[in-house]
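Reader: I am a first-year student, and I would like a close look at a single part. Please start on the inside and work outwards. Keep the sentences short and explain each term.

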Amino acid sequence: RQSNLRVLVDMDGVLCDFELYLLESYKQKYPNEPCIELQDREGFWVKDQYEKLKEGLGANCVNVHNCKGFFKNLPEIPGSIEAVKELSQMENVDVFLCTSPLNYYKYCMQEKYAWVEKHLGKNWLEKIIITKDKTVVNGHVLIDDKPNITGAMLQPSWEHIVFTSCHNTGTNLHGKRRLDNWTDGTWRDLIEEFKKR
Ligand code: T3P
């Protein structure tokens, strides 16, 4: 390969724990409403499953993630920070953080930057790619928990590796491969394999 291996790493669900923090914050904000425990989550959009459970609960979810401080305070997915730091140090590898903003951008956008600065450091602000359409981003690998990533490019340059999350454990990935975690070291084998291509 003439260039380094470009690895695009998604934020929510891969680096930061959107699902866990949404559930915790929801329980705090709506202690008397039913909720969906992580082992029962299905489908990518949290609000859709809540709305099916009971009318109006979808809007509650939106209220939770649209709040000031939500994106800034997301906990890290175990091992993610250490892993992407190591990944970025690997020879012939370039890492980019590839994330989509909420349309309600008031807090989300600046807080994503704040999160990266806090957890990874100022240098990583250079690595952020904000886009609603990840298919037009040119990379070799995209690690993302959203099972179905579509957009203007029918055949994106990257291979999508699905990062396992509570909402996609039962999802049919139509042959796409998974990365289950950042902690058991399998991500290193995956990257080495891509480097050899
Ligand atoms: P990312 O591209 O970093 O995964 O939609 C904006 C971001 O919030 C996007 O971030 C995905 C995440 N998100 C969820 O993961 N689940 C949801 O239900 C919503 C509304 C957003």
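**From the core to the sheet**

Author: The largest nonpolar core has 46 residues, and Val7, Val9, Leu87, Ile143 and Trp182 touch the most other members. A nonpolar core is a set of buried Ala, Val, Leu, Ile, Met, Phe, Trp, Tyr and Cys residues joined through side-chain atoms within 4.5 Å. Buried means under 20% relative accessible area, exposed means over 50%, and partly exposed lies in between (1.4 Å probe, protein chains only).

A word on the source. This is a predicted model, where local features need pLDDT of at least 70 and side-chain atom pairs count only at pLDDT 80 or more, while totals for chains, interfaces and linings use all residues. Residues are numbered from 1 along each chain as its sequence is written, and side-chain values use heavy atoms, with hydrogens and water left out.

Now take valine 7. Set aside its neighbours within four places in sequence, and valine 7 is in contact with Leu87, Val93, Asp94, Val95, Phe96, Val141, Ile143 and Ile191. Contact means heavy atoms within 4.5 Å. Another core lies apart from the largest one. This other core has six residues, including Val137, Leu142, Ile149 and Trp158.

Next, the elements. The protein has six helices and six strands. Both are DSSP runs, numbered from the N terminus: helices are H or I with at least four residues, strands are E with at least two. From the N terminus on, the order is β-α-α-α-α-β-α-β-β-β-β-α.

The six strands of the open sheet are ordered S3-S2-S1-S4-S5-S6, and their pairing is parallel. Two strands pair if DSSP finds at least two bridges between them. Strands of a sheet pair through backbone hydrogen bonds, either parallel or antiparallel. At the edges sit strand S3 (128–130) and strand S6 (178–179), each with pairing on one side only.

Look at S1 and S2. Strand S1 (residues 5–9) and strand S2 (residues 93–99) run parallel, joined by five bridges. Leucine 5 has valine 93 as its bridge partner in S2. Valine 9 has leucine 97 as its bridge partner in S2. Valine 9 has already appeared among the residues that touch the most other core members.

On its other pairing, S2 meets S3. Three bridges join these parallel strands. Here leucine 97 stands opposite isoleucine 128 in S3. S2 is mostly covered, with five of its seven residues buried.

Just ahead of S2 comes a loop. Asparagine 92 sits there, between helix H4 (80–89) and S2. Asparagine 92 is not a glycine, yet its phi is positive, about 60°. Asparagine 92 is partly exposed, at 45% relative accessible area. Histidine 174 also has a positive phi, near 50°, and is not a glycine either. Histidine 174 lies in the loop between S5 and S6, and counts as exposed because its relative accessible area is 69%.

Helices lie across the sheet. Helix H5 (residues 105–119) lies across S2 and S3, at about 160° to S3. Axes are lines fitted to C-alpha atoms, for helices over the stretch in contact, and angles run from 0 to 180 degrees between N-to-C directions. Helix H6 (residues 186–196) lies across S1, S2, strand S4 (141–144), strand S5 (159–163) and S6, at about 140° to S1.

One residue of S4 deserves a stop: aspartate 144. Is aspartate 144 buried or exposed? Aspartate 144 counts as buried, at 3% relative accessibility. Beyond four places in sequence, its contacts include Asp10, Val14, Lys134, His160 and Phe163.

What about the cysteines? There are zero disulfides, a disulfide being a pair of cysteine sulfur atoms within 2.5 Å. Cysteine 16 forms no such bond because the closest cysteine sulfur, in cysteine 108, is 9.9 Å away, too far. Cysteine 16 is buried, at 2% relative accessibility. For cysteine 35 the closest cysteine sulfur is in cysteine 61, at 9.7 Å, again too far for a bond. Cysteine 35 is partly exposed, at 25%.

Finally, step back to the whole protein. Of its 197 residues, 46% are buried. Among contacts with a separation of 6 or more, 63% join residues 24 or more positions apart.
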